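Subject: Handing over a structure

Hi,

I'm passing this structure on to you, with some notes on what turned up in it. Could you have it open while you read?

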Amino acid sequence: MIRKNQEQEGEREQANPLLSAMKEQNERLARRCQSLLSAQEKLQKAFQHEKDSNAAKRRFITRMSHDIRTPLSAIIGYTALASAHAEQPDRVREYLYKLDTASGHLLSLLNEILDVSKVESGRFSLTETPTHLDALLEELTDILDGNMRAKKLDCVFEKDYQHEYVACDPFRLRQMLLNCLSNAMKFTRASGHVHFTVSEKPEKDGKGGIYTFVIEDDGIGMSKDFVAHIFDPFAPKQKGSTGLGMVIVKNLVDMMSGSIHIKSELGEGTRIEITLPLAYRKEEAEIEPDDKEEDGATLSGHILLAEDNGINVEIVLALLEDTKVLVDVAQNGEEAVKHVAEAGENAYDLVLMDIQMPVMDGLEATEKIRALPLAYVSDLPIVAMSANAYEEDRRSAMAIGMNDYLTKPIDLKELFEKLHKYLDKDGYKNIR
């Protein structure tokens, strides 16, 4: 009996390690199953997020397609009407005005898409310069004056700051405020009210201040859910708006180390408050004037235009037909190099160089022109022309040896600014 008990005890001792091992293995399997279930849940959530994201992007593309087609249809339609009524100057002028409005809207839309693309790729940058705040705000009122009058809006602009000169990117600050003010006016009913105030709270170090920009309106307002997603480029937007403007505004505010708060109620209106820390600049700081003379009567010189697009060539030639500027045309970079090489010393005063051309692009052509055995080519001003408006494209052009940059579609005012800069006797020759 004693021996039998001892045998049973020995069997239990042998079984215990096995049971322990099995128990431990089961626990490991349970943990593994739980881990797999957790991973599966994460994958399902990621899949659903990707599905929702793709659906939002499809809606965005559909909306953009519609928004682009609207001004494009107007351009095509009014062009056809102008052609059909060519013998009626008054009607043609009216159609041309509407064409200009539609094309301006289309360009603005494409610029917004381009800006959002730059934000998404991290290529959005600021160029800080001394800025006269009074002048910038006056520009805003001038730009919006027509819309204010057309809708009979009661618009009040107030300022309460001591330092008019600050350091910022004036173009981006103007863009930010213009987007907010344009929305306020767009979604405020006729004879409504828009209130815009700018105030300053000096910082303790005396080197700068916190500037607060407030735009208030009594327009149609927005729901809380809409406001919660207003900075998402792929979220649904209000009718009549791409919604990209506020996405750009938010990113600009963040880049300027500021903050933005939006309060709105349906039917009650909207209040947008933007605060930005801006460093002070002295009043005598050199501010680059915004208005340049568009007069071409005083222009003279010899230009080489390197451009493969016949329509662009025709436009530039038409813009210069009332000047004393002589223009030679090259249809690609290789022809441009040949023109400069064969024309000899001091033949050209300026080269307008398209970047993207067949046979040889503008960058390579610029390098080859700079390398020609002619004394003057090292100082020959070469201005890039490109539809690519990214800052890195500009830097690439400058690094390769170009002097300046024009963004397509070419703006008349900007073109004449460059021409005066490089062709006037007291212009480029004094800054070389």
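Let me start with an open sheet of five strands, paired in parallel in the order β9-β8-β10-β11-β12. This is a predicted model, in which local features need pLDDT of at least 70 and side-chain atom pairs count only at pLDDT 80 or more, while totals for chains, interfaces and linings use all residues. Residues are numbered from 1 along each chain as its sequence is written, and side-chain values use heavy atoms, leaving out hydrogens and water.

A word on the terms: helices (H or I, at least four residues) and strands (E, at least two) are DSSP runs, numbered from the N terminus. Two strands count as paired if DSSP finds at least two bridges between them.

Back to the sheet of five strands: β9 (324–330) and β12 (404–407) form its edges, each pairing on one side only. From one strand to the next, the twist averages 25 degrees. Inside the sheet, β8 (residues 300–306) runs parallel to β10 (residues 350–354), and four bridges join the two. Ala306 has Met353 in β10 as its bridge partner. Helix α9 (residues 362–370) packs on the sheet, where it touches β10 and β11 (382–386), and its direction makes about 150 degrees with that of β10. Here axes are lines fitted to C-alpha atoms, for helices over the stretch in contact, and angles run from 0 to 180 degrees between N-to-C directions. Contact means heavy atoms within 4.5 Å.

At the other end of the strand order, β11 and β12 run parallel and are joined by four bridges. Ala384 stands opposite Tyr405 in β12. Strand β12 is covered on both faces: Asp404 and Leu406 are buried on one side, Tyr405 and Thr407 on the other. Buried means under 20% relative accessible area, exposed means over 50%, and partly exposed lies in between (1.4 Å probe, protein chains only). As a general point, side chains in a regular strand alternate between the two faces of the sheet.

Helix α9 also has a helix partner. The axes of α8 (333–343) and α9 are 8 Å apart, and the two helices pack at an angle of about 20 degrees. They are therefore roughly parallel to each other (angles under 35 degrees count as roughly parallel, over 145 as roughly antiparallel, 65 to 115 as roughly perpendicular and the rest as oblique). Their crossing is right-handed; a crossing is left-handed if the near helix is turned anticlockwise from the far one by less than a right angle, and right-handed if clockwise. Gly333, Ala336, Val337 and Val340 of α8 make the contact with Ala365, Lys368 and Ile369 of α9.

A second helix pair is α4 (residues 170–186) and α6 (residues 244–255). The axes of α4 and α6 come within 9 Å and cross at roughly 140 degrees, so these helices are oblique to each other. α4 passes α6 in a left-handed crossing. Among the residues making this contact are Arg172, Met176 and Cys180 of α4 and Ile248, Val249 and Leu252 of α6.

Next, the interior. The largest nonpolar core has 41 residues, and Leu137, Leu173, Met176, Phe213 and Ile274 have the most contacts inside it. A nonpolar core is a set of buried Ala, Val, Leu, Ile, Met, Phe, Trp, Tyr and Cys residues joined through side-chain atoms within 4.5 Å. Helix α4 gives the largest share of this core, seven residues. Leaving aside neighbours within four places in sequence, Phe213 is in contact with residues including Leu173, Leu177, Phe196 and Ile272. Apart from the largest core lies another, of 25 residues, among them Val340, Ala365, Val377 and Ala384.

Two loop residues also caught my eye. Lys152, in the loop between α3 (133–151) and β2 (154–160), has a phi near 55 degrees, a positive value in a residue other than glycine. Lys152 counts as exposed because its relative accessibility is 65%. Asn346, in the loop between α8 and β10, likewise has a positive phi, near 55 degrees. Asn346 counts as exposed at 56% relative accessibility.

Finally, the whole chain: it has twelve helices and twelve strands, and buried residues make up 38% of its 432 residues.

Best wishes
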